[in-house]
Amino acid sequence: MPRLLVLMGSGENSPAMVTPHQKVLKGYGKNSIRLNLDTPYGFQENAEILTERLVEYFANSVGTHVMPVRLRHVNATPSEVASAVAAVREASWVFAGPGSPTYALKTWQATGADRALKDLLNRGAIVMASAAAMSTGAKVMPVYEMYKVGDDPYWLDGLNLLESATGIRAAVVAHYNNTQGGTHDTRFCFVGERRMKVLENQLDPDIAILGIDEHTGISFDLDNGKAEVFGKGVITYKKGGLEKTCANKAVFDTKEFTL
């Protein structure tokens, strides 16, 4: 089975992402274990509804069955947590998507799921979208805490799945080209340019920014050291004052982003 790390900026259950999902799943047999991990949105009151929608999307649009897995560390029994982490350890393909990057990060670290996800990349695929994608970087932007609560810009240490799998040391920023604010700047995952500049100045020189536009993604082929961009927008890589963008169907060696 191919070893893949796939990151999406948004639109994980949209028509635009059907083909990318199918392309990833093509390398896995019908008996492979495929999971939807609910952690990033597990704190929301409508979490079960979101799970149902994702399971239906993969069944009806993508054409594959995914098993829903509930993994939260608050109000969860030790046996529930152990069962969920064990499911990740047995899986061939895991998907996680929207919600809160920091909730996902803290939950996966508290439960040991972070180690299970790293192990998964030795044998299979992880597809992370939106909030979940942001947790994979060396640093994580606390979006809710900044945009909704009003905390000053800061970073948290991330899972660093991206670097351990590809060698790319970067902070992942989903929704990079967001325009939902209308009258105010909501680019860079809703925090806007002013706060984004503060955040960039806080990063160590060896940490880049990997920005992923909405309805856009990047697939890292870990066996061959290649990466491919897909979707409607671009991938933006910023480091040391330099900036590079890659659009749909661009294929390159992962080493190009490890300089």
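Helices and strands, as named in these legends, are DSSP runs, with helices of at least four residues and strands of at least two, and they are numbered from the N terminus. The structure shown in every view is a predicted model.

**View 1. Asn31 in the loop between α1 and β2.** Asn31 belongs to the loop that lies between α1 (18-25) and β2. Exposed means over 50% relative accessible area, and Asn31, at 78% relative accessibility, therefore counts as exposed. From the C-alpha of Asn31 to the C-alpha of Lys244 the distance in space is 40 Å, while the two residues are 213 residues apart in sequence.

**View 2. Strand β2 and its pairing with β3 and β4.** Strand β2 is covered on both faces, since Arg34 and Asn36 on one side are buried, and Leu35 and Leu37 on the other are buried as well. With strand β4 (residues 93-96), β2 pairs in the parallel sense over three bridges, and within β4 it is Val94 that serves as the bridge partner of Leu35. With β3, too, β2 pairs in the parallel sense over three bridges, and here Asn36 stands opposite Pro68 of β3. Strands of a sheet pair through backbone hydrogen bonds, either parallel or antiparallel.

**View 3. Helix α3, with a buried side and an exposed side.** Helix α3 (residues 78-90) has 13 residues, which at 1.5 Å a residue should span 18 Å, and its end C-alpha atoms are indeed 18 Å apart, in agreement with that expectation. Val81, Ala84, Val85, Ala87 and Val88 are the buried residues of this view. Because they cover an arc of only 150 degrees around the axis, they lie on the same side of α3. Pro78, Ser79, Ser83 and Glu90, by contrast, are exposed on the other side of the helix. The elements that cover the buried residues of α3 include β2 (34-37) and β3 (67-69), together with the helices α4 (101-111) and α5 (113-120).

**View 4. The largest nonpolar core and the surroundings of Phe220.** The largest nonpolar core has 46 residues, of which Leu7, Trp108, Met128, Leu162, Ile218 and Phe220 touch the most other members. Helix α3 contributes the largest share of this core, namely five residues. Apart from this core lies another one, of 22 residues, which includes Met17, Val18, Val24 and Tyr57. When neighbours within four places in sequence are left aside, the residues in contact with Phe220 include Arg3, Leu4, Leu5 and Leu7, as well as Leu162, Thr166, Ile168, Lys226, Ala227 and Thr254.

**View 5. The open sheet of four strands.** Four strands, in the order β8-β9-β12-β13, form an open sheet whose pairing is mixed. Its edge strands, β8 (170-173) and β13 (242-247), each pair on one side only. From one strand to the next, the twist averages 15 degrees. Strand β12 (residues 234-239) pairs with β13 in the antiparallel sense, over six bridges, and Glu243 in β13 is the bridge partner of Lys238.

**View 6. Helix α9 and the elements that cover it.** In helix α9 (residues 192-202), the residues Gly192, Arg195, Met196 and Leu199 are buried. Because they cover an arc of only 105 degrees around the axis, they are placed on the same side of α9. The face turned away from this buried side carries Arg194, Lys197 and Asn201, which are exposed. Among the elements covering the buried residues of α9 are α7 (143-148), β8 and β9 (208-212).

Methods: Residues numbered from 1 in each chain as written. Predicted model: local features only at pLDDT ≥ 70, side-chain atom pairs only at ≥ 80, totals over all residues. Heavy atoms only, no water. Expected span 1.5 Å × (residues − 1). Buried < 20%, exposed > 50% of the residue type's maximum accessible area, 1.4 Å probe, protein only. Arc of directions from axis to C-beta. Contact = heavy atoms within 4.5 Å. Core = buried A, V, L, I, M, F, W, Y, C linked by side-chain atoms within 4.5 Å. Pairing = 2+ DSSP bridges. Axes fitted to C-alpha atoms, helices over the stretch in contact; angles between N-to-C directions.
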